[in-house]
Amino acid sequence: SQTWHALAKWPSGGVGPHALLPLATGQIAVANGGILTHAETGRMRRNQGAIDSNVVRLDSRTGQLTGPVWRLPANTVGREALSLRHLAALPDGGLVVAMQFDEGKEGGDIPLLAYLAPDGHTEILPAPAGVWAKMKGYALSVATTAQGAIAATAPRGDCVVFWDAQRRFAGVQTLPKPAGVATVGEGFWCSNEQGHLLHFAHINTPPTQNLSFDGIKWDNHLVI
């Protein structure tokens, strides 16, 4: 850390590594977004509509793949255009992943959150009709409480979406341009692009605090 000299270089186990998450087991979870780019063409997608996204676990000492590779079920609507992006850990050893629909559209009823079980099983989180469409193809940041409650931000849809500790849909709260979300106790803090930090003391309840910072535009990540 004093010289920034690279100590090792490991394969990520997929295409386009997007996020890392240290796990209590000593492993590192890696979300490979599956979007193929090239240095000569910058961020231009070279495999649009043919994304092969996954989440893997690496041994933090050796970089070796450990355990199963998570992919979306074959029958997932929009699967070949869904990029697995941000991760949060659950108390059962599983993960939640937030996804982005990569077709340059709002996404319709394309699912955007999935549960990754410790044994490699993957399932889409439940949501009533219209919720995925409201999120408009983009689940940005995701966080979980120690009890297992889940919150995810949807900046295109101007909302924060909640699930309870049993992964049952809990509701939606309106928030203009939400950005990062982080856990505090049984609730969440959420930032937005308009300089606000809001505290949701419980899932799917209006915020109990709203702090405003003039001239600040929070980005996609939040750590408290």
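**Exercise 1. Is Asp164 buried or exposed, and which side chain does it meet in a salt bridge?**

Solution. Keep in mind that this is a predicted model. Start with accessibility: Asp164 has a relative accessible area of 14%. The cut-off for buried is under 20%, so Asp164 counts as buried. Next, look for a partner. The side chain of Asp164 meets that of Arg168 in a salt bridge, with 2.7 Å from N to O. As a bit of background, side chains of opposite charge can pair when their charged atoms come close.

**Exercise 2. Work out how the salt bridge of Asp59 and Arg61 is placed with respect to burial.**

Solution. First, the contact: the side chains of Asp59 and Arg61 come together at 3.3 Å, N to O. Now take each residue in turn. Asp59 has a relative accessible area of 15%, so put it down as buried. Arg61 comes out at 71%, so this one is exposed. The pair therefore joins a buried acid to an exposed base. By the salt-bridge rule, the structure has 4 such contacts.

**Exercise 3. Trace the contacts of Arg167, and say which parts of the chain its salt bridge links.**

Solution. Step one is the salt bridge: Arg167 meets Asp92, at 4.0 Å from N to O. Step two is to place the two ends. Asp92 sits in the loop between β5 and β6, while Arg167 sits in the loop between β11 and β12. These are distant parts of the chain, 75 residues apart. Step three is accessibility: Asp92 is partly exposed at 39%, and Arg167 is partly exposed at 22%. Finally, check for rings: Arg167 also lies over the face of Tyr115, 3.6 Å from the ring centre.

**Exercise 4. Describe strand β13 and the way it pairs with β14.**

Solution. Begin with burial. In β13, residues 178-184, 5 of the 7 residues are buried, so the strand is largely enclosed by the rest of the structure. Then look at the pairing: β13 and β14 (residues 187-192) run antiparallel, with 5 bridges between them. One spot to find on the model is Val184, whose bridge partner in β14 is Gly187. Last comes the turn. The two strands make a hairpin with 2 residues between them, and Gly185 in that turn has a positive phi of about 60 degrees.

**Exercise 5. Classify two of the aromatic pairs, and say how accessible their rings' residues are.**

Solution. The structure has 5 aromatic pairs. Take Phe162 and Phe188: their ring centres are 6.1 Å apart and their planes meet at 55 degrees, so call the pair tilted. This contact bridges distant parts of the chain, as Phe162 belongs to β11 and Phe188 to β14, 26 residues apart. Both residues have a relative accessible area of 0%, so Phe162 and Phe188 are buried.

Move on to Phe213 and Trp218, which sit 5.6 Å centre to centre with 85 degrees between the planes. Planes over 60 degrees apart count as edge-to-face, and that is the class of this pair. Phe213 is partly exposed, at 34%, and Trp218 is partly exposed too, at 27%.

**Exercise 6. Which residues do ring pairs link into a cluster?**

Solution. Follow the ring pairs from one residue to the next. They link Trp132, Trp163 and Phe169 into a cluster.

Definitions and conventions: Residues are numbered from 1 along each chain as its sequence is written. This is a predicted model: local features need pLDDT of at least 70, side-chain atom pairs count only at pLDDT 80 or more; totals for chains, interfaces and linings use all residues. Side-chain values use heavy atoms; hydrogens and water are left out. Buried means under 20% relative accessible area, exposed over 50%, partly exposed in between (1.4 Å probe, protein chains only). Helices (H or I, at least four residues) and strands (E, at least two) are DSSP runs, numbered from the N terminus. Two strands pair if DSSP finds at least two bridges between them. Rings of Phe, Tyr and Trp (its six-membered ring) pair if their centres lie within 6.5 Å; planes under 30 degrees apart count as stacked, over 60 as edge-to-face and the rest as tilted. A charge sits over a ring if NZ of Lys or CZ of Arg is within 6 Å of the ring centre and within 35 degrees of the ring normal.
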